[in-house]
Amino acid sequence: MLLEVRDLHVHYQKVAALKGVSLQVPSGGIVTIIGANGAGKSTTLRSISGLARASRGEIHFDGERIDNLPAEKIVARGIAHVPEGRRIFPDLTVEENLRIGAFLRADKAKIESDIEDIFHRFPRLKERRTQWARTLSGGEQQMVAIGRALMSGPKLLLLDEPSMGLSPVMVQEMASIVSGIAERGVPVVLVEQNAGLALKLASYAYVLEVGTVAVEGKAADLKTNDHVRRAYLGA
């Protein structure tokens, strides 16, 4: 397994956000984490990327324990995190935002090649490469956030609510983007409020409820699980 989270506990002061979460991510495809607001989905991603510290448990990535490392060293080992709300730099251009994603890299020729690859994947960003990021639509800003993460050359991409606030048409485009990333060899851990979309994209799924894994299994199987259908799919 590329990523293993073992019995992870995280507290915010005295409040337990995660209560023994364990999950695995293989070296290919999409694994999704679904659940209600406050279930611990974002905290799980923040713990993996080093933005939240575990009070107990372990995280292993590519054969190495990483839960004791600072966030920048976790990025350097190959984990890129696109947080909820995009968090781009509004007063920098599209291209400047993308280049920030490569700040730990020294391979200048490959950086230039990867910039052009991002513009090939996202033609709208190429059209707006010199535009201030704050002038972009929500969907375009999400493309910038994902492109910036890909510029770090990740072995694993963590995506937190990429469809949030987007139009139905843009949601479908974002789904295609996420699938394309996995198809090109970068595995994805997807946190997504739209459970139907998440289960459609993923091969394996975890359902978090109040900080614990309530259900897990193949995404196709969870689509027909009675609890998942009632609680998350509107059945």
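**View 1. Buried H81 in strand β6 of the predicted model.** H81 is buried, with a relative accessible area of 18%; this falls in the buried class because the class covers values under 20%. The structure shown here and in the views below is a predicted model. The strand that holds H81 is β6. A polar contact of 2.8 Å joins the side chain of H81 to the side chain of S49. With residues up to four places away in sequence left out, H81 touches L45, R46, S49, L51, L158 and D160. S49 thus appears both in this set and as the partner in the side-chain polar contact.

**View 2. The largest pocket and its lining.** The volume of the largest pocket is about 590 Å³. Its lining comprises 22 residues, of which L51, V75, H81, P83 and R148 are the closest to the pocket centre. Two or more lining residues come from each of the elements α1 (41–48), α2 (71–77), β6 (79–82) and α6 (138–150). Sorted by class, the lining of the largest pocket has 11 nonpolar, 5 polar and 6 charged residues. Both domain 1 (1–78 + 156–172 + 187–234) and domain 2 (85–153) contribute to the lining of the largest pocket, with at least three residues each.

**View 3. V75, one of the residues closest to the pocket centre.** V75 is part of helix α2. Is V75 buried, partly exposed or exposed? A relative accessible area of 27% makes V75 partly exposed, because that class lies between the buried limit of 20% and the exposed limit of 50%. Apart from neighbours within four places in sequence, V75 is in contact with L104 and S152. Between V75 and L156 there are 9.7 Å in space, C-alpha to C-alpha, for a separation of 81 residues in sequence.

**View 4. The two domains of the chain.** The domain assignment divides the chain into domain 1 (1–78 + 156–172 + 187–234) and domain 2 (85–153). In the contact, 10 residues belong to domain 1 and 11 residues to domain 2. A distance of 24 Å separates the C-alpha centres of domain 1 and domain 2.

**View 5. The largest cavity.** How many cavities of 30 Å³ or more does a search of the whole structure find? The search finds 1. The largest cavity holds about 40 Å³ of space. Its lining is made up of P162, S163, V171, M174, A175, V178, L190, E192, L197 and L201. Helices α7 (168–183) and α8 (195–201) each provide at least two of the lining residues. The most come from α7, which gives 4 residues to the lining of the largest cavity. By class, the lining of the largest cavity has 8 nonpolar residues, 1 polar and 1 charged.

**View 6. L3 in strand β1.** Strand β1 (residues 3–12) contains L3. L3 is buried, with a relative accessibility of 0%. Not counting residues up to four places away in sequence, L3 touches L23, Q24, V25, I48, I59, H60, F61 and L156. L3 and P26 are 23 residues apart in sequence, and their C-alpha atoms lie 6.8 Å apart in space. L156, one of the residues that L3 touches, is also the residue whose C-alpha distance to V75 is given in View 3.

Key: Residues numbered from 1 in each chain as written. Predicted model: local features only at pLDDT ≥ 70, side-chain atom pairs only at ≥ 80, totals over all residues. Heavy atoms only, no water. 1 Å grid on protein atoms, 1.4 Å probe; cavity = no way out; pocket = protein on both sides within 12 Å on 5 of 7 lines; lining within 4 Å. Points joined across faces, edges and corners; volume = space filled by probe spheres on them. Nonpolar A, V, L, I, M, F, W, Y, C, P; charged D, E, K, R; others polar. Domains from an automatic or database assignment. Buried < 20%, exposed > 50% of the residue type's maximum accessible area, 1.4 Å probe, protein only. Polar contact = N/O pair within 3.5 Å; in protein donor to acceptor, adjacent residues only side chain to side chain. Contact = heavy atoms within 4.5 Å.
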